[in-house]
Each structure stands twice: as structure tokens, then as C-alpha cells.
Amino acid sequence: MLAATPLGNLDDASPRLRTALAEAEVIAAEDTRRLRQLAASLGVTVGGRVVSCYDAVEASRAPGLIEAIREGQTVLLVTDAGMPSVSDPGFRLVAACVAADLPVTCLPGPSAVTTALAVSGLPSDRFAFEGFPPRKPGERRRWFADLVTERRTVVFFEAPHRLAATLAAAAEVLGGGRQAAVCRELTKTYEEVRRGDLAELSAWAADGVRGEITVVLAGAEAVETDPAALVAEVESRVAEGERLKDAVSVVAAAGGVGRKELYDTVLRSRSTGR
């Protein structure tokens, strides 16, 4: 059984979560100390066996938890905040249960992804969740380059100490005018939602930001650019010493075309000499 836990406001804990914490024979927790703090704050006495189940040990914990389920015990999986398996432990255990033909249920509740999307003011009829951006600058720019033509609203997480660099990279690759919202400390005392374009948000974050961060990024507007028209600009950058892949990423973002599509067009142009 998966159970969502409060993002920060304990009043968001559901009655079903309280009951599950009190009655489960086994509780697999991302952080056992935080689990016990949560239970104490909710006035719940945990009677079952508590085991750790964070990212590094989830796979090795799965066989024992599977066996407990086979024996008829209720196994409850909780993470530090929000919904398990959404950029948190849970997927491996659920997959193992599915493979073993064991039942999996979920107690719905708080999620930073949908909470941020709801308050962002950006379209929510279609959206994509992208987890965390890569930490290395080059990989991060390529990550954003893949989103150049993404029409859906995109939600992702970021660490506060990397937010400024990430928003600057997003503005460079996607354009400073792309609309976004930075949601900080959702449901907590100092909750803050900053809305604006990437250039504005990048400047705001440059002074430093604290807390848990969720970013909501507007989808791309429809454009009709012929990739062949951008080949000359790519080759000019390459002639000046830029790597082909990097040149393609920047030009594709600025031109509103897919990175792979432009890359393939450049290669075809080279092979035909046209």
C-alpha cells in the first residue's frame, strides 16, 4: 500500500493515512526518523515493524517486503513528503509486486507536482513531469533543448542551490520570454509562488532561494520553421569552434525546431553538399 504524506502542513494528512500508520504490520519509510516524527505529530502510535526504504536500498528491501505481503501482512510505503514513486522511492517495489502478482493499492493525497501545477496559472489540461534536471551544465542545456518543442506544460523539481543556474540555462535555451512559475515551500508557512517569464525569474533567483522548489514551465507555442533554413547558422557556429551538438542545441532552441530534426538535417546537408 502506497500512502501520500503531507508536504508540510500536517492538516493535509488524511484519516486513512492515520489509520494506515497505526494498523500496518510493516511500514517501509524513506526516512524512519521522519516517519516517527510524522506519526508523533499526528498523535498516531506506530505498532508495526518499521524498515528503511530509501533509493539506495529499495531494490534490496523488495524481496523481504514481498515475502511479508505473501504472508498476508499489510506493508505500507511512505516517503518524506508527497506521493511515493514520484521522484521518490516506490517504483521498484511496486514493479516487484506487479511481477509477483500481488495487490497494490494507494491512499491518495498531497503531491507537489499537481499542487504546483494547480497554482501556477499555466495550462493544466495536458502536462508532463520531468523529475530533476541534470546537474552538469552541458547535460542540463541539452535537457532543456529537448523541451524546445514540447507543447505541454512541464513540471520539474530543483534543489534551491541550483535553481538560479537552472533558470538561467532555461532562459538561454528556451528563450527569456517563456512563462513559468517557481513554487517554493508549498503548503508551508512561507509558501511563495513567483510567476513571470524565465528572464525575470532567473534574475530573482540569482540572489539565492531557500526551501523545497517545484518549477512549472509553460509549453512551447506552435511554430513552423524549416530546419534547412537553420543549417547555415549551425555550420557558422561549428566553424568558430563550437561542437556540432552544442551548436544544434542552441540554434534549434532559438529557431523553435526539434534538436534531433535539425541535427539530422545538418548531416544530410553535409552528405549531399547542399
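What volume does the largest pocket have? I began my notes with this point, keeping in mind that the model is predicted, and I found a volume of about 560 Å³ for the largest pocket. I then looked up its lining, which comprises 25 residues, and noted that those closest to the pocket centre are Ala81, Asp88, Ala112, Phe157 and Glu212. Sorting the lining by class, I recorded 12 nonpolar, 5 polar and 8 charged residues.

Next I asked which helices and strands each supply at least two residues of this lining. I wrote down helix 5 (112-120), strand 7 (153-158) and strand 10 (213-217).

Two of these elements led me on to the sheet. I found that strand 7 and strand 10 belong to an open sheet of 5 strands, whose order is 6-7-10-8-9 and whose pairing is mixed. Strand 6 (127-129) and strand 9 (192-197) stand at the edges with a single partner strand each, so one side of each has no neighbour in the sheet. I also noted that neighbouring strands of this sheet are turned by 20° against each other on average, when direction is ignored.

I looked separately at the pairing of strand 7 with strand 10, which run antiparallel and are joined by 5 bridges. Following one residue across, I saw that Glu158 has Ile213 in strand 10 as its bridge partner.

For the packing of a helix on this sheet, I turned to helix 8 (residues 198-205), which lies across strand 8 (179-184), strand 9 and strand 10 and runs at about 135° to strand 9.

Finally I checked the annotation: UniProt, in an unreviewed entry, places the feature "domain: Tetrapyrrole methylase" at residues 3-201. For that span I noted 38% helix and 18% strand, with the end C-alpha atoms lying 33 Å apart.

How values were computed
Residues numbered from 1 in each chain as written. Predicted model: local features only at pLDDT ≥ 70, side-chain atom pairs only at ≥ 80, totals over all residues. Heavy atoms only, no water. 1 Å grid on protein atoms, 1.4 Å probe; cavity = no way out; pocket = protein on both sides within 12 Å on 5 of 7 lines; lining within 4 Å. Points joined across faces, edges and corners; volume = space filled by probe spheres on them. Helix = DSSP H or I, 4+ residues; strand = E, 2+ residues; numbered from the N terminus. Nonpolar A, V, L, I, M, F, W, Y, C, P; charged D, E, K, R; others polar. UniProt positions renumbered as here; feature names shortened; annotations may be inferred. Pairing = 2+ DSSP bridges. Axes fitted to C-alpha atoms, helices over the stretch in contact; angles between N-to-C directions. Contact = heavy atoms within 4.5 Å.
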